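Please open the structure in your viewer and keep the sequence panel beside it. The tour below moves from the whole chain to single residues, with a selection to make at each stop.

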Amino acid sequence: MTAIALDCYISNVNIYKGLSVSPGTGIGKVFHVSTSDITVACRTISSDEKEDGWNRFEKAQTDAVASLTESLKTDDKEQREIFETHLLMLSDPDFTSIVKADYDAASYCIEYAVYKQVEEFASKLAEAGNEFLTERANDIRDAWGRVLSLLTGVSASLGDVPPHAVIVAENLKPSDALKLADKDVAGIVTRDGGAGSHLAILSRAYRIPLVSGIENPLSLFAADETLIVDGSAGKVVSHPDEETLAFYKTAEENERKAILRREAFKNKPCMTKDGHKITLFANIGSPEEAEFAFIEGADGIGLFRTEFLTIAGGDFSEEAQFTAYKNVLQIMGDRLVTIRTLDIGGDKVSGDKSLSTGDEANPLLGWRAIRYCLDNTEVFKTQLHALYRASVYGNLRIMIPMITSVAEVKAVKRLISEVKQELTTGRLHYKDDVPVGIMVETPAAAITADLLAEESAFFSIGSNDLTQYTICVDRENEKVAGLFNEFAPAVRGLIGNTAQAAARKQIPLCVCGEFAGKSEGALWLTGKGITTLSVSPSRITELKELFSKLTLVEINEAAEKTETIADAAEAEALFSSLINNAFKA
Ligand code: PEP
Ligand code: MG
């Protein structure tokens, strides 16, 4: 199905063109999510509207109480206590009387009257500077936020997403996106976020179609209207007529069938048509995803983004980390597990305030990843302790992110020696020969790959950051998303340089950026001799199917042809047509 044919077919409905960030078709009812706390405009109303406003308030309050009462059924004691506190707050007759008095005396809408009283009360508590009262202020905002959500139709939390909804938001932080893992979400529409953003990576991992770059999505699409997200074409269709709906339902059904067809590849190795093995590792952010990767038939873990444990707001103590790493190693058995040390900073903000990198004018060039860890050796050594303790449970490799110099690798090794010494003193078991390698994801690392190879047990190319830093395109910024292409000759050149350095020193090489998971990228990399790729678990069976349809000779020939192509889109298109032909044959 081509985009042009589709436009003609659905000419009577509203189509919004955005960016294709995560492929697939999703159909569902709109669910608004505000990622900042809800703010409410002060809208003046006439006296005729007053009664209706109060009736709506009473209904929203009753509904919020009912849903909280339902939540009390949870087995989690801590959660239940929180819900009980919120219930008391929502049922407080004194507070309701204050809202009523203010609303009756003023000429603004009920939404603003509630918002104003909640903010006044919560601010007073927070200003007291006492931890207990600050917590109470947060509770009040949370509890009454439910009523405001119902009144305004905007939710501040992903916790309430109903099944099979289309989430519409201006932006979603990685911490929000991580909450989508176990939710049945039909699709996502946002204003912010390019194809290299962490939201994009996560939505692809969870197979949720996502279109970004849509201006004012919250006002464009009404809560509860049926929306179609065409993630492959980067389109959002609102007010679909029956024919359009039927057309997309078929597309959705075909995608489901394709996933089922690829099931057959799960337990097979990834081989080209002429019998060459491609190693497919998985990128994960939690032990649960390791299970998914194992089921999808991954040869190992090529990247465990450990910062996702803390971004999601989880416990990042040594014990919690040890348990997470041990679990992943045990799930994968004797398969290789590459665990990356903390890559906090940039847009990856920790849920744990003690790991905050603070405000920076230029966070992507600032206190990120290994720079932060070498300045916060306590945090870093805690992680290394957990990693080495877990090392006895499987086949571990440790990977260091954002390396720009040999000095950084040497500093890491000094800390590792200290950690090993401490473990020996504490009579704790660990493997002495865990390979320690680096991410090549900065131009500095790619250019000095020969020097870094002397100090690294392996390389893994992070094409997301390498592209961002090489062609100066913020991977999170949808305004420049059209410029983000790993096929840019400068990026291809740096990947080639890194591959040669790895081959000269005979150290293993992998690519774990999103380029490796894209069909075109996976083929180009293979054609350049890089046959270990680490991809989102959701891409594994699709890539296995793709490689089964092409010979290494065909792939190499196509890669050879791109050598003289300066234009990124043209080089990519050459592989797109190779893929199309393979599936036609
Ligand atoms: C990369 O930069 O390509 C990479 C894999 O790391 P992350 O996406 O976590 O920054
Ligand atoms: Mg990176």
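**A tour of the chain**

Begin with the whole protein chain of this predicted model: among its contacts between residues at least 6 apart in sequence, 70% join residues at least 24 apart. Switch to a cartoon view, and the protein chain shows 24 helices and 17 strands. If you display C-alpha atoms alone, they fill a box of roughly 80 × 70 × 40 Å along the principal axes. The radius of gyration of the protein chain is 26 Å, which agrees with the value near 25 Å that a compact globule of 585 residues would have.

Next, turn on the surface, whose accessible area comes to about 25600 Å², with 52% of it belonging to carbon and sulfur atoms. Of the 585 residues, 52% count as buried. Colouring by charge brings out 60 positive and 86 negative side chains, and the centres of these two sets lie 6 Å apart.

**The magnesium ion**

Now select ligand 2, the magnesium ion, and ask which protein residues serve as its donors. They are Glu441, through OE, and Asp465, through OD, lying 2.0 to 2.1 Å from the ion. Because Glu441 sits in the loop between strand S14 (436-440) and helix H17 (443-447), while Asp465 belongs to helix H19 (residues 463-470), the pair ties together parts that are 24 residues apart in sequence. Glu441 counts as buried, since its relative accessibility is 2%, and Asp465 likewise counts as buried, at 3%.

**Helix H2**

Move to Gln61, which you will find in helix H2 (residues 50-71). Is this residue, Gln61, buried or exposed? With a relative accessibility of 13%, Gln61 counts as buried. Show its surroundings and, leaving aside residues up to four places away in sequence, you will see that Gln61 touches Leu90, Thr96, Trp144 and Val147.

**Two loop residues with positive phi**

Select His239, located in the loop between strand S8 (235-238) and helix H10 (242-262). Its phi is near 50°, a positive value in a residue other than glycine. On the surface view, His239 counts as exposed, at 54% relative accessibility.

Finish at Met402, in the loop between strand S13 (395-400) and helix H16 (406-425). Met402 also has a positive phi, of about 60°, although it is not a glycine. Whereas His239 counts as exposed, Met402 is buried, with a relative accessible area of 4%.

Note on methods
Residues numbered from 1 in each chain as written. Chains lettered and ligands numbered in written order. Heavy atoms only, no water. Helix = DSSP H or I, 4+ residues; strand = E, 2+ residues; numbered from the N terminus. Rg over C-alpha atoms; globule rule 2.2 N^0.38 Å. Buried < 20%, exposed > 50% of the residue type's maximum accessible area, 1.4 Å probe, protein only. Contact = heavy atoms within 4.5 Å. Areas by Shrake-Rupley, 256 points an atom, 1.4 Å probe, with all protein chains shown as cover. Lys, Arg positive; Asp, Glu negative; His and termini not counted. Charge placed at Lys NZ, Arg CZ, Asp CG, Glu CD. Donors = N, O, S within 2.8 Å, 3.2 Å for Na, K, Ca; no water.
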